Amino acid sequence: MGICETIKESHEKLLRRISIYPLKNDEDRDFEFYVFVDAGNENRRPLFLKALRVALGFDEKETSQITKQCQDEWNELFNKKEKQPSPEFSVLNWVKIAIEQYPYRLFVVIDPNHWIQNQQNPLNLKFWYEGEISDECWKLHTDENESFLTFAEDTRKWVRSKFLYKRICWIEIEEFEKVVPWIQGAEDVEYYSFPDLQETFQNIEPTEKAKGEFFKLWLYLKWIQHVFIRIRDIQKQKRLCLWFYQLHDISSQEKRYPPYFPSSLPKPFRTVEGAKFIQGCVLDFEEMSFKIIENIEKYFENEQNNSFVFCVFRRHGNVWELEDKKEAWELIMDFDSDPVLYGEYLTGTLSYLTRFLDATSASGAYSLQSANFVFSIAEQALFRLFLIDERIQEKYIKFTKQDAGYVLGQRIFISYLDQPNIYDQKRKPDKAIYSCISSQDKPELKICKNGNKNFEVLFKGDAIFPDCLIIHQGILDKWYNENKISIQNKILEWKESIPFLIVTSGRGTPSNLPRGVKFIPFSNLETCLIGSRFEKITAMKQFFILKERSV
């Protein structure tokens with residue numbers, strides 16, 4: 001974790017021992033979390049923060065000077081010799097490119113008094129847009145050839161960049177200073193966000209180290225709150241429930257061929273059923289707290305007046321199933337008006353299953369390592385991941401309806417740019433639901449039925465649109481050859497709708513890789529494909545450590 005703020009040397013040594021690195025400038029960026037602390041001192045702001053303020057309409061007196069600095073870097077970046085700005089240049093576009101030097105988990109801590117316009121600041125939703133989020137999630141269309149869903153149009157009027165709203169987690173400095181390890185004394189430590197981990201924190205010595213661990217976990221919870229409210233646009237519900245369902249269940253195959261346990265193995269481990277598990281966790285974004293639930297039915301008896309969204313992790317089963325006789329999709333775990341955003345079918349083939357079971361076991365769930373793992377599965381569950389790559393499309397062509405549904409339940413969408421069979425993309429799948437993203441300035445999404453009855457039940461109560469898009473450089477090149485539109489311009493336009501853009505290739509980093517994206521080798525993606533399963537958490541862990549080449 002990197003924090004761009006000057007801190008006393010005595011505190012700095014302690015923080016480094018717990019992997020928190022105070023930075024005097026923003027040149028070192030190789031972290032999974034990155035925090036800018038802006039207390040209002042104009043002389044200490046790096047260029048990125050200055051440009052960010054200009055892009056949001058602040059610092060009118062300094063605009064011309066900051067614009068010139070950004071333009072000089074822009075011209076150098078694109079090897080422009082002319083002094084006039086290139087057609088793509090704006091301070092906002094510079095920020096859209098410069099931001100990729102930092103990790104995806106990017107925080108800006110502000111004093112609202114120094115970031116205020118018309119009585120609003122970036123912490124307030126009304127600073128960014130006017131109007132409300134539509135209750136409509138999607139529309140079902142039927143024509144002669146195909147039935148498909150389209151994402152409901154965003155009815156809000158954006159007065160500032162939607163990209164900056166989604167990509168940056170904004171924190172009020174007063175709230176931040178309550179939890180940072182170098183401000184309060186050790187005797188003032190309160191682990192209020194994690195009541196079930198109080199004993200764990202109290203057993204960490206020295207106390208300053210415990211406070212540092214609390215701070216890191218709190219910051220992770222703050223990021224997930226940001227993903228929930230601003231990236232996922234969930235504002236009516238305030239709580240996310242991770243339901244660990246029937247983790248002790250064994251498959252019919254395991255019952256038929258039970259595993260062999262040597263007699264030397266202690267008796268508690270010589271059982272197929274294994275350990276007892278907690279039944280869920282709740283992330284409360286109103287109280288900013290994390291709770292471990294041992295008995296989920298008892299918990300919900302006391303929570304009948306509160307609304308939740310659910311992510312379900314089930315051993316050898318899923319939230320949605322394809323009913324055999326009708327060959328229609330059904331929601332077999334209904335939560336009435338509370339939407340299910342994610343469902344994962346857990347099997348022994350997954351590389352992280354052991355880690356998952358350890359983190360959710362009754363004996364291991366109360367450790368900091370388990371809490372961090374649970375946060376990582378909550379984070380990846382919230383992201384809607386779209387993949388446009390002809391090699392993945394080729395594998396997907398033969399997916400059964402059921403297997404494709406399991407992938408969709410994880411909110412992974414094997415997609416096409418514009419439509420199948422162009423730009424060297426593959427044909428549409430034989431049976432699987434698939435999606436297409438248009439290459440218009442404002443991308444549009446449609447999810448195609450492809451013979452799957454009642455397929456819309458997979459998205460009940462859930463608005464679908466890409467948060468993260470991975471696209472093959474070769475498809476972008478073919479698209480350019482046919483349309484003769486600048487890929488760089490298109491990337492900058494797309495980022496206003498799709499905040500996380502990643503380009504992939506199987507032949508190393510392309511020489512024509514557009515600026516403003518992160519890059520991942522295709523081999524890294526390929527390791528996440530296990531037969532007809534896709535390890536989303538493995539992919540997302542890689543995404544969060546990516547960084548672009550230096551601007």
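1. A salt bridge, as counted here, is a side-chain nitrogen of Lys or Arg within 4 Å of a carboxyl oxygen of Asp or Glu. The side chains of Glu-175 and Lys-222 qualify, because their N to O distance is 3.0 Å and the cut-off is 4 Å. The two sit 47 residues apart in the chain, with Glu-175 in helix H6 (residues 173-177) and Lys-222 in helix H8 (residues 207-231). Burial differs across the pair: Glu-175 is partly exposed at 24% relative accessibility, whereas Lys-222 is buried at 8%. Note that the model is predicted.

2. How many salt bridges does the structure hold? The total is 28. Two further pairs deserve a look, and a network follows.

3. Glu-32 and Arg-105 form a salt bridge through their side chains, at 3.5 Å from N to O. This pair links distant parts of the chain, 73 residues apart. Glu-32 lies in the loop between strand E2 (21-23) and strand E3 (33-38). Arg-105 belongs to strand E4 (residues 105-110). Glu-32 is partly exposed, with 42% relative accessible area. Arg-105 has 4%, so it counts as buried, the limit being under 20%.

4. Arg-232 and Asp-462 make another salt bridge, at 2.6 Å from N to O. They are 230 residues apart, and both are in loops. The loop of Arg-232 runs between H8 and strand E10 (239-245). The loop of Asp-462 runs between strand E20 (445-448) and strand E21 (468-472). Are these two residues buried or exposed? Both Arg-232 and Asp-462 are buried.

5. Some salt bridges share partners. One network joined in this way takes in Asp-154, Arg-156, Lys-162, Lys-166 and Asp-233. Asp-233 returns in point 8, among the residues nearest the centre of the largest pocket.

6. The disulfide count is zero. Cys-281 shows how the rule applies. Which cysteine sulfur is nearest to that of Cys-281? The sulfur of Cys-241 is, at 8.4 Å. The cut-off is 2.5 Å, so this pair does not count as a disulfide. Cys-281 is buried, at 1% relative accessibility.

7. Three cavities reach 30 Å³ or more. The largest has a volume of about 80 Å³. Which residues line the largest cavity? They are Ile-392, Lys-395, Tyr-396, Phe-399, Val-407, Ile-414, Leu-529, Gly-531, Ser-532, Arg-533 and Phe-534. Helix H13 (390-396) and strand E25 (533-534) each supply at least two of them. H13 gives the largest share, three residues. By type, the lining has seven nonpolar, two polar and two charged residues.

8. The largest pocket holds about 690 Å³ of space. Its lining comprises 33 residues. Nearest the pocket centre are Ile-133, Ser-134, Cys-137, Asp-233 and Ala-463. What is the make-up of the pocket lining by residue type? It divides into 13 nonpolar, six polar and 14 charged residues.

Definitions and conventions. Residues numbered from 1 in each chain as written. Predicted model: local features only at pLDDT ≥ 70, side-chain atom pairs only at ≥ 80, totals over all residues. Heavy atoms only, no water. Helix = DSSP H or I, 4+ residues; strand = E, 2+ residues; numbered from the N terminus. Buried < 20%, exposed > 50% of the residue type's maximum accessible area, 1.4 Å probe, protein only. 1 Å grid on protein atoms, 1.4 Å probe; cavity = no way out; pocket = protein on both sides within 12 Å on 5 of 7 lines; lining within 4 Å. Points joined across faces, edges and corners; volume = space filled by probe spheres on them. Nonpolar A, V, L, I, M, F, W, Y, C, P; charged D, E, K, R; others polar.
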